[in-house]
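Trainee: Please show me the model. I would like to test some structural terms against it.

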Amino acid sequence: SDGLLAGYISGGYSDARISSTDKLVYATDTTAAEASADLTRVCSDMHGVSSSSAGYIGGGDIGTEVYTAVVDKLVFATDTTAAEASADLDTGTATHAGCSGDGVAGYFSGGYHYATGSQDRTEKLVYATDTTATVASAALTSARYGMVGASDGSVNGYFAGGAATIEDIEILAYATDVMSATVASRDLPTGTGRTNLSALSSVSR
């Protein structure tokens, strides 16, 4: 999402993995295919983060036990997508979470790789330079996949749920890039832990 005008829905699985991107215009509540914004590869189980000017779709499953590290950049002003090699993830990952951050950087966290299993790694994508690197202090306190990220837009990011039926919500402080363990008051309600969930943030990013 560009936070103001439109949202973009990319990739996924429908009998086979796809690369198409649809654009949802908020003012008219209309959605249509946007071919110039299509992903550079067919992909599912990836995640995205966005600044005010561009979105970044990172990682994902491109075939049976083939996970990609590629990050595509979608420029909102032109509705065009291209691979951004400097922003690639450190390693191929799928079913991870994305958190758009504070306008300065976005974060990809957790996920799964067929060879190494669940991941606790968090990678930071700096928007000004289109560069991504692992941040050790921002690692999850436990490896997991299938969770979701949300952001307050300025101070903290939140990573919730995950396999298998995890209730934890961990918090990432943007100022320090430090991930903190869950506390009971912040967790999903008892008995509602889940994976492959969705989240929305009520901020304009």
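Mentor: What follows takes the terms one by one.
This is a predicted model, so local features need pLDDT of at least 70 and side-chain atom pairs count only at pLDDT 80 or more, while totals for chains, interfaces and linings use all residues. Residues are numbered from 1 along each chain as its sequence is written, and side-chain values use heavy atoms, with hydrogens and water left out.

Trainee: What makes β17 and β18 a pair?

Mentor: Pairing requires at least two bridges found by DSSP. Five bridges join β17 (residues 156–160) to β18 (residues 169–173), so they pair, running antiparallel. Ala160 stands opposite Ile169 in β18.

Trainee: Why are β16 and β19 at the edges of the sheet?

Mentor: The open sheet has the order β16-β17-β18-β19. β16 (148–151) and β19 (178–180) each have a single partner strand, so one side of each lacks a neighbour in the sheet.

Trainee: Why is the set with Ala97, Phe159 and Met179 called a nonpolar core?

Mentor: A nonpolar core is a set of buried (under 20% relative accessible area, 1.4 Å probe, protein chains only) Ala, Val, Leu, Ile, Met, Phe, Trp, Tyr and Cys residues joined through side-chain atoms within 4.5 Å. Twelve residues meet that here, including Leu140 and Tyr174, and they form the largest such core. Another core, of ten residues, lies apart from it, with Val49 and Leu125 among them.

Trainee: Which residues does Leu140 contact beyond four places in sequence?

Mentor: Contact means heavy atoms within 4.5 Å. Among those of Leu140 are Ser109, Met147, Phe159 and Met179.

Methods: Helix = DSSP H or I, 4+ residues; strand = E, 2+ residues; numbered from the N terminus. Buried < 20%, exposed > 50% of the residue type's maximum accessible area, 1.4 Å probe, protein only.
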